[in-house]
Amino acid sequence: MVIVNKYIYKCVNCGETYDRNDIFYVCPKCYDPDIKGSPPKGILKVKYDYSAIKNKASGISLFKNIISNSLLDLLPIQSIENQSFLKVGNTPLYQMNVLENEKLPFQLYLKDDSQNPTYSFKDRASNLVSAWAKEHTIDTIITASTGNAGSSLAGICASQNQKAIIFIPASAPKAKLTQIVMYGAMIIPVDGTYDQAFDLSIKVTNKFGLYNRNTAFNPFTIEGKKTVSLELYEQLNFQVPDRIFVPVGDGVIISGVYKGFEDMLELGIIEKIPEIVAVQAEGSNNIISNLDSDNFVSKPSNTIADSISVDIPGNFYMARDFITNYSGKSVSVTDEEILTASKILSSNYGLFMEPAASAAFAGFYKYFQCNKINDNSKNIVLLTGNGLKDLNAVQSKIVIPEAIEPNIEKLKDLIKTFRKF
Ligand SMILES: *Cc1c(COP(=O)(O)O)cnc(C)c1O
Ligand SMILES: [Zn+2]
């Protein structure tokens, strides 16, 4: 049995709670849509009736019960029938023993979320938002995106016979723009920044009464993203990992990862939250650089990792609360380190990732050089997006050799340089 009528919203700023019967995006008391230069306050967290869920069972048997009900006790939807038929989530977790030919003294796992239907982690959120819309007979969903949220919503909506409207900076990587068009969404390239696309999408949402998936606005994106944490716990045979490296832009994925563990903590399934390491690009680390400051200061972002290039992180306050309350850590990595990490992931493991995902691995690499990681500790790197989404980013790191004449003599010399037969 799944517990119905099961969630409320709670403002992370003022603590006010709201009933779920209306569409609620943000706290009407705290959220200022016209705020400029600093992150919005009043993002909502979804809270479930944890004591009712706890009545069903406890510990691992409660967890297994929740899994066997497709997580419905911990999602804002009533049935999974309205989700996409595409396979979202349940992505592979690979254990690696070796890095650059050296045996690793601890456990390293790579969670490959580039294997989602539109090749990024964002599908976890789009699938849930789309299912919720279906349950409420809403057929059009709108979002602003730097690239992946848009290509994800477009793909998921295509599979669900829903319409998607995507506001995206015209400068987004070509592959992401192409995906959106191929999936048949209405694409609105904006000659401006993501922040401007975001503002425009909110205005259109209000004016036409549309349903909006914007990240750091629609609270269900966090609920969709948190599924990764329950999956990790199951894939690790009901053990909490010690450390998870998460790439951070707006701070929604990291909040989702925390929320998944926090729900399990509330239910008494687990006893501790893992150490979560927020990884940002040095050229866009507006969450990390403001963790300890009272007044938010934004540095203009400049990094090749477009998916984590954010001037004003939309979910800054929630992400900071999570990191502070649960003793999270942070690492900034340079674009050069991101590109090196991308090459290592590809050539060591066959995992070609986009820069934002490679940043998480670069963060792990840096952390591991500077800190003692306990033997036998379980360390996870969250790989959030596929490398084919941004081919331009890695061009400076590679050389595609000149074409040869199709002639066996020429080929012999060439092959000798590569491999001894
Ligand atoms: C969106 C995204 C991120 C960052 O997520 P935030 O919620 O903005 O912090 C990281 N990697 C990829 C591939 C993404 O698409
Ligand atoms: Zn509030």
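**Reading the model by its cut-offs**

Q: Where is the place of alanine 216?
A: In this predicted model, alanine 216 lies in the loop between β9 (211-212) and α7 (220-225).

Q: Why is alanine 216 called buried?
A: Compare its value with the cut-off. Alanine 216 has a relative accessible area of 4%. Buried means under 20%. So alanine 216 counts as buried.

Q: What makes the phi of alanine 216 worth a look?
A: Its sign. Most residues other than glycine have a negative phi. Alanine 216 is not a glycine, yet its phi is positive, about 60°.

Q: How do you know whether leucine 71 is buried or exposed?
A: Its relative accessibility is 14%. The limit for buried is under 20%, so leucine 71 is buried. Leucine 71 sits in the loop between α2 (59-68) and β4 (93-99). Its phi is also positive, near 65°, and it is not a glycine.

Q: How do you know that the span of helix α4 (residues 148-159) agrees with what it should be?
A: Set the expected span against the model. The rule is 1.5 Å times one less than the number of residues. For the twelve residues of α4 that gives 16 Å, and the end C-alpha atoms are 16 Å apart, so the two agree.

Q: What makes α4 "mostly covered"?
A: A count. Eleven of the twelve residues of α4 are buried. Among them are Asn148, Leu153, Ile156 and Cys157. The cover includes α3 (123-135), β6 (140-144), β7 (163-169) and α5 (174-182). After α4 comes asparagine 161, with a positive phi near 55°.

Q: Why are α9 and α10 called oblique to each other?
A: Look at the angle. The axes of helix α9 (residues 252-266) and helix α10 (residues 316-325) cross at roughly 50° and come within 9 Å. Roughly parallel needs an angle under 35 degrees, and roughly perpendicular runs from 65 to 115. The angle fits neither class, so the pair is oblique. The crossing is left-handed.

Q: Which residues of α9 and α10 meet?
A: Ile254, Ser255, Tyr258, Lys259 and Glu262 of α9 meet Met318, Ala319, Phe322 and Ile323 of α10. By class, this contact holds six nonpolar, one polar and two charged residues.

Q: What makes α2 oblique to α8?
A: Again, the angle decides. α2 and helix α8 (residues 227-235) pack at about 120°, with their axes 12 Å apart. Roughly perpendicular ends at 115 degrees, and roughly antiparallel needs over 145. The angle falls between these limits, so α2 is oblique to α8. This crossing, too, is left-handed.

Q: Which residues make the contact of α2 with α8?
A: α2 brings Ile60, Phe63 and Ile67, while α8 brings Leu230, Tyr233 and Glu234. By class, there are five nonpolar residues, no polar ones and one charged.

Q: How do you know that α8 is mostly covered?
A: Count the residues under the 20% limit. In α8, seven of nine are buried. They are Thr227, Val228, Ser229, Leu230, Glu231, Leu232 and Tyr233.

Q: What phi does asparagine 237 take, just after α8?
A: A positive one, of about 55°.

How values were computed
Residues are numbered from 1 along each chain as its sequence is written. Chains are lettered from A and ligands numbered from 1 in the order in which they are written. This is a predicted model: local features need pLDDT of at least 70, side-chain atom pairs count only at pLDDT 80 or more; totals for chains, interfaces and linings use all residues. Side-chain values use heavy atoms; hydrogens and water are left out. Helices (H or I, at least four residues) and strands (E, at least two) are DSSP runs, numbered from the N terminus. Buried means under 20% relative accessible area, exposed over 50%, partly exposed in between (1.4 Å probe, protein chains only). Axes are lines fitted to C-alpha atoms, for helices over the stretch in contact, and angles run from 0 to 180 degrees between N-to-C directions. A crossing is left-handed if the near helix is turned anticlockwise from the far one by less than a right angle, and right-handed if clockwise. Contact means heavy atoms within 4.5 Å. Ala, Val, Leu, Ile, Met, Phe, Trp, Tyr, Cys and Pro count as nonpolar, Asp, Glu, Lys and Arg as charged, and the others, Gly among them, as polar.
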